[in-house]
Amino acid sequence: MKRSRPVIAGVLVALVCGPAGCGLTSGSPMVDDVSPGSIGQGEPLKGADLTVTSKSFTENLILGAMMGIAFEAAGADVLDRTGIQGSIGSREAVRNGDADAMYEYTGTAWITYQGNSEPITDPQAQWQAVHDADLKNGVTWLPPSRLNNTYALAMNQANFKKYRTRTLSQVAALSKSDPKAVTLCVESEFANRADGLPGMEKAYGMAVSASRITQMDTGIIYTQVQKGTCTYGEVFTTDGRIKSMNLVVMADDKKFFPNYNAAPVINSKALKKWPAIAAVIDPVTKKLDNTVAQDLNAKVDVDGEDPHQVALDWMKKEGFVK
């Protein structure tokens with residue numbers, strides 16, 4: 001279940017499907033003028049031709065660019081095939097060898113690709129389960145980041161000062177003590193998924209009448225919450241608009257929502273041929289968390305910057321590359 005995202009213009013990638021599956025048919029070389037910083041010393045990937053892919057939403061484009069830049073600094077020639085719409089295309093590209101690597105989300109793999117319905121509460125256990133299940137698919141998951149792009153409810157500062165809720169349990173309590181205080185703005189998908197609104201209401205014992213729930217597109221939710229039209233709106237925890245709009249995110253204190261930790265996913269044959277991939281990308285992954293993601297996503301979605309440039313600037317700022 002990785003949610004649908006706005007498409008950001010980038011490298012055009014076509015998926016051509018036939019009897020053998022789907023294949024990538026276009027891309028362009030990454031030509032960043034970078035050299036090793038704290039990663040890539042000795043250029044352990046020199047001689048490697050690696051293809052990096054990603055999905056088309058802002059955060060994944062940034063992560064894909066980070067990965068490609070890291071490989072470049074380590075000496076690899078990198079083909080940029082980031083920006084595939086939807087989850088399945090990029091996933092299949094790595095699985096079938098049309099691409100070598102991408103950043104993927106543990107919850108997406110566990111639920112969407114591997115067909116499970118119940119998420120695993122512990123983030124590390126969720127990653128381990130995904131890792132173990134995917135080995136037979138020729139895909140290797142490297143250690144995950146703390147970046148967890150999952151669902152949440154958020155409110156504006158005025159409503160926070162009025163109601164002082166910080167957790168979903170407190171929202172549930174408010175929905176009972178003052179039913180008129182709680183209005184929700186959510187996506188239609190979230191409103192109808194067992195791991196979305198219905199499940200959340202059941203898990204927390206919320207009592208929100210249907211008349212106080214409004215379904216709308218993702219982007220509109222943020223603006224309506226900021227205006228106070230809705231007391232609470234469904235958000236994604238790494239979205240840059242949370243910070244730019246100064247929204248207050250409710251803690252999922254019962255850990256209902258699935259973990260969507262970003263982790264490098266590598267075609268197993270490519271990793272066997274170039275095992276240094278793991279050591280090159282690991283320091284980058286370790287630095288990623290929700291605060292970093294919100295800041296970088298905002299540079300694209302709020303300030304209008306280019307995702308690849310945002311990734312490059314950050315990689316240089318952190319000293320990963322020069």
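Here is a short chat about two packed helices, some empty space and two backbone angles in this model.

Reader: What kind of model is this, and how are residues numbered?
Author: This is a predicted model, where local features need pLDDT of at least 70, side-chain atom pairs count only at pLDDT 80 or more, and totals for chains, interfaces and linings use all residues. Residues are numbered from 1 along each chain as its sequence is written, and side-chain values use heavy atoms, with hydrogens and water left out.

Reader: Why is α1 called roughly perpendicular to α13?
Author: Helix α1 (residues 58–73) packs against helix α13 (residues 290–301) at about 110°, their axes 9 Å apart. Roughly perpendicular covers 65 to 115 degrees (under 35 is roughly parallel, over 145 roughly antiparallel, the rest oblique). So α1 counts as roughly perpendicular to α13.

Reader: What makes the contact between them?
Author: Contact means heavy atoms within 4.5 Å. On the α1 side that gives Thr 58, Glu 59, Ile 62 and Met 66, and on the α13 side Ala 293, Leu 296, Asn 297, Val 300 and Asp 301. By class, you get five nonpolar, two polar and two charged residues. Here Ala, Val, Leu, Ile, Met, Phe, Trp, Tyr, Cys and Pro count as nonpolar, Asp, Glu, Lys and Arg as charged, and the others, Gly among them, as polar.

Reader: How many cavities of 30 Å³ or more turn up in the whole structure?
Author: Just one. A cavity is a set of points on a 1 Å grid where a 1.4 Å probe fits but cannot get out, and lining residues have an atom within 4 Å of a point. The largest cavity has a volume of about 50 Å³. Its lining includes Ile 62, Met 66, Ala 293 and Leu 296, and the elements giving two or more residues to that lining are α1 and α13.

Reader: What lies nearest the centre of the largest pocket?
Author: Asn 148, Thr 150, Asp 252, Lys 255 and Asn 259, out of 16 lining residues. A pocket is an open set, with protein on both sides within 12 Å along at least five of seven lines. This one holds about 280 Å³ of space.

Reader: What makes Glu 43 stand out, and why is Glu 43 called partly exposed?
Author: Most residues other than glycine have a negative phi. Glu 43 isn't a glycine, yet its phi is positive, about 45°. Buried means under 20% relative accessible area and exposed over 50%, with partly exposed in between (1.4 Å probe, protein chains only). Glu 43 comes out at 31%, so Glu 43 is partly exposed.

Reader: And why is Asn 246 called partly exposed?
Author: Asn 246 has a relative accessible area of 45%, so the label is partly exposed. Asn 246 also has a positive phi, near 55°.

Technical notes
Axes fitted to C-alpha atoms, helices over the stretch in contact; angles between N-to-C directions. Helix = DSSP H or I, 4+ residues; strand = E, 2+ residues; numbered from the N terminus. Points joined across faces, edges and corners; volume = space filled by probe spheres on them.
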